[in-house]
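Work through the exercises below with the model open. Each task is followed by a stepwise solution.

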Amino acid sequence: METKSSNVLLQYGLFSAVAGILAYLLLYIGGTSIMTSPVAFATNLIPIAFAVLACLAVRKKNGGFLEFSEALKTSFGIFVISGFAVTVFSYVLLNYIDPDFKTAMQQAAMEMTEGMLKKFGASQDQIDKAMDEASKKDNFSISSVMLGFAFSCILWFLFSLIISLIVRKKNPNAGMPQSM
């Protein structure tokens with residue numbers, strides 16, 4: 001049974017990773033305005049859908065039953081595989097393939113931050129200080145990207161818990177002695 005769920009995890013994890021990378025490419029092609037829009041956040045639905053589909057596939061292979069622990073392992077595995085692939089891809093794209101886009105993304109992030117600070121009524125001194133600090137930080141360095149991935153894993157684990165609670169189906173005959 002472990003091999004069945006491992007095969008499904010790898011298969012759906014890779015499908016989710018490819019779909020996530022393709023979505024990231026589409027956002028990249030759309031430019032900084034699309035990359036920083038709510039559309040970009042909608043791409044988080046991709047690994048959620050694949051996590052649910054993978055759990056349902058494992059449940060089907062297990063005769064319609066899926067323990068919570070196996071659902072958690074499967075769904076969280078999908079998130080980690082997909083998230084890591086997209087993280088590595090985005091790092092390579094922005095730091096090696098198109099560093100000019102990285103600069104444009106950092107500028108767009110600073111403009112968004114400035115707009116948000118103004119919206120919340122920050123003083124010009126506070127805004128200037130925040131902009132100065134933001135200009136010194138590389139949001140796309142390996143350490144920043146991996147820290148973002150680590151924080152994402154925490155969020156994905158919470159999503160995995162919810163998915164696992166929804167898709168689990170305990171076998172009522174599990175643990176009962178079998179007659180010969």
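**Exercise 1: Surroundings of F50**

F50 touches Y12, F15, S16, A19 and I78, leaving aside residues up to four places away in sequence; a contact means heavy atoms within 4.5 Å. The model is predicted: local features need pLDDT of at least 70, side-chain atom pairs count only at pLDDT 80 or more, and totals for chains, interfaces and linings use all residues. Residues are numbered from 1 along each chain as its sequence is written, and side-chain values use heavy atoms, with hydrogens and water left out.

Task: Place F50 in its helix and state whether F50 is buried or exposed.

Solution.
- Step 1. Find the element: F50 lies in helix α4. Helices are DSSP runs of H or I with at least four residues, strands are E runs of at least two, and both are numbered from the N terminus.
- Step 2. Check the cover: F50 has a relative accessible area of 19%, so F50 is buried. The classes are buried under 20%, exposed over 50% and partly exposed in between, with a 1.4 Å probe and protein chains only.
- Step 3. Add a distance: F50 and L9 are 41 residues apart in sequence, yet their C-alpha atoms are 9.7 Å apart.

**Exercise 2: Surroundings of S75**

Task: Which residues does S75 touch, not counting residues up to four places away in sequence?

Solution.
- Step 1. Locate S75: helix α5, residues 68-97.
- Step 2. Read its accessibility: the relative area is 0%, so S75 is buried.
- Step 3. List the contacts: A51, C55, S160, I163 and S164.

**Exercise 3: Salt bridges**

Task: How many salt bridges does the rule give? Then describe the pairs K170 with E67, D138 with K102 and K118 with E114.

Solution.
- Step 1. Apply the rule: a side-chain nitrogen of Lys or Arg lies within 4 Å of a carboxyl oxygen of Asp or Glu. The count is four.
- Step 2. Take K170 and E67: their closest N and O atoms are 3.6 Å apart. The pair links distant parts of the chain, with K170 in the segment after α8 (142-167) and E67 in the loop between α4 (45-61) and α5, 103 residues apart. K170 is exposed at 62%, whereas E67 is partly exposed at 32%.
- Step 3. Take D138 and K102: the closest N and O atoms are 3.0 Å apart. D138 sits in the loop between α7 (124-136) and α8, and K102 in helix α6 (residues 99-119), so the pair ties together parts 36 residues apart in sequence. D138 is partly exposed at 28%; K102 is buried at 13%.
- Step 4. Take K118 and E114: the closest N and O atoms are 3.6 Å apart. Both are in helix α6, four residues apart, so about one helical turn separates them. E114 is partly exposed at 26%.

**Exercise 4: The whole chain**

Task: Why does the protein count as more spread out than a compact globule?

Solution.
- Step 1. Count the elements: eight helices and zero strands.
- Step 2. Compare radii: the radius of gyration is 21 Å, well over the 16 Å from the globule rule for 180 residues, so the protein is more spread out than a compact globule. The radius is taken over C-alpha atoms, and the rule is 2.2 Å times the number of residues to the power 0.38.
- Step 3. Get the box: the C-alpha atoms fill roughly 80 × 35 × 25 Å along the principal axes.
- Step 4. Check burial: 33% of the 180 residues are buried.
- Step 5. Check contact range: of contacts between residues at least 6 apart in sequence, 79% join residues at least 24 apart.
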